[in-house]
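Okay, everyone, thanks for coming. I'll walk you through one model today, so have the sequence and the picture up while I talk.

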Amino acid sequence: KAYQLENKDTNTTREASVEQERYTQVYQIDRSVYVYDMETQTSKKLFTHDPDWDFYNYMILDGHVIVIGGTEDTCRAWAVDIAEGSVIELDTLGGNVMPFSAHYECNGYFVGLLHNSNNADQYYISKEDYYRSNYDAAFR
């Protein structure tokens, strides 16, 4: 199913695939990221960004909000567990790039693009390896 992801700070929307139907919106107010719970009709604050970041991007995968943010010179990424609120910082190779760009999930894996592959082929990485930033484990 496709749902809207909103950035209330810039009034922009993006389409995203969401496996969990309960949470349908991820949005930002000021520097904080929230998720809207359709079951309880409430919002939950998940994360607050550093004050000098210029760019933000979010998506929901595997019960986590994947948060990517940064400036022209650096990027950082986190996986925020929606239910528990725990945060895992993902390796961005020294703040340079998101090494694996997950597009969707299936059977315990994420499917997406691998940065250092120099091609547009889809790669697979286990969710465990993704959360451990073990991008060398990705395969076609």
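Before we start, one cut-off: when I say buried I mean under 20% relative accessible area, exposed is over 50%, and partly exposed is what sits in between. And keep in mind that this is a predicted model.

Let's start with cysteines. Cys106 comes out at 28% relative accessibility, so by that cut-off Cys106 counts as partly exposed. Cys75 has a relative accessible area of 15%, so Cys75 is buried. How many disulfides does a search of the whole structure find? The search comes back with 0.

Now the sheet I want to spend time on. It's an open sheet of 3 strands, order 10-11-12, and the pairing is antiparallel. The edges are strand 10, residues 100-106, and strand 12, and each of those pairs on one side only. Neighbouring strands here are turned by 40 degrees against each other on average, ignoring direction. As a general reminder, strands of a sheet pair through backbone hydrogen bonds, either parallel or antiparallel.

Go through the pairings one by one. Strand 10 and strand 11 run antiparallel over 6 bridges. If you want to find the register on your screen, Ala102 has Gly112 of strand 11 as its bridge partner, and Glu105 has Phe110 in strand 11. The two strands make a hairpin with 2 residues between them, and in that turn Asn107 has a positive phi of about 45 degrees.

On the other side, strand 11 and strand 12 are also antiparallel, over 4 bridges. Here Phe110 stands opposite Ile125 in strand 12. So Phe110 is a handy marker: its partner is Glu105 on one pairing and Ile125 on the other.

Next, the loop between strand 11 (109-114) and strand 12 (123-126), which is where Ser117 lies. Is Ser117 buried or exposed? Its relative accessible area is 15%, and since the cut-off for buried is under 20%, Ser117 is buried. Its side chain reaches back to the backbone oxygen of Leu114, at 2.8 Å. Also have a look at Pro99: Ser117 and Pro99 are 18 residues apart in sequence, and 9.7 Å apart in space, C-alpha to C-alpha.

There's another serine worth a stop, Ser126, and this one is in strand 12. At 17% relative accessibility, Ser126 counts as buried. A polar atom of the Ser126 side chain lies 3.0 Å from the backbone nitrogen of Asp129. Leaving out residues up to four places away in sequence, Ser126 touches Gly108 and Tyr109.

And a third serine, Ser133, sits in the segment after helix 1. Ser133 is buried too, with a relative accessible area of 16%. With those same sequence neighbours left out, up to four places away, Ser133 touches Glu89, Leu90 and Asp91.

Okay, aromatics. For these, a pair of rings is described by the distance of the centres and the angle of the planes. The count for this model comes to 11 aromatic pairs. One of them is Phe47 with Trp78, a tilted pair, 4.8 Å centre to centre with 50 degrees between the planes. That pair links distant parts of the chain: Phe47 is in strand 5, residues 42-48, Trp78 is in strand 8, residues 75-81, and they are 31 residues apart. Both Phe47 and Trp78 are buried.

Now take Tyr124 and Phe139. How do these two rings sit, stacked or tilted? They are stacked, 5.8 Å centre to centre and 25 degrees between the planes. Tyr124 is in strand 12 and Phe139 is in the segment after helix 1 (127-131), so the pair ties together parts that are 15 residues apart in sequence. Tyr124 is partly exposed at a relative accessible area of 30%, and Phe139 is partly exposed as well, at 39%.

Last stop on the rings: ring pairs link Phe100, Phe110, Tyr130, Tyr131 and Tyr135 into a cluster. You've already met Phe110, the residue standing opposite Ile125 in strand 12.

That's my tour. Who wants to go back to the picture?

Definitions and conventions:
Residues numbered from 1 in each chain as written. Predicted model: local features only at pLDDT ≥ 70, side-chain atom pairs only at ≥ 80, totals over all residues. Heavy atoms only, no water. Disulfide = S-S within 2.5 Å. Buried < 20%, exposed > 50% of the residue type's maximum accessible area, 1.4 Å probe, protein only. Polar contact = N/O pair within 3.5 Å; in protein donor to acceptor, adjacent residues only side chain to side chain. Pairing = 2+ DSSP bridges. Axes fitted to C-alpha atoms, helices over the stretch in contact; angles between N-to-C directions. Phe/Tyr/Trp six-rings, centres within 6.5 Å; stacked < 30°, edge-to-face > 60°. Contact = heavy atoms within 4.5 Å.
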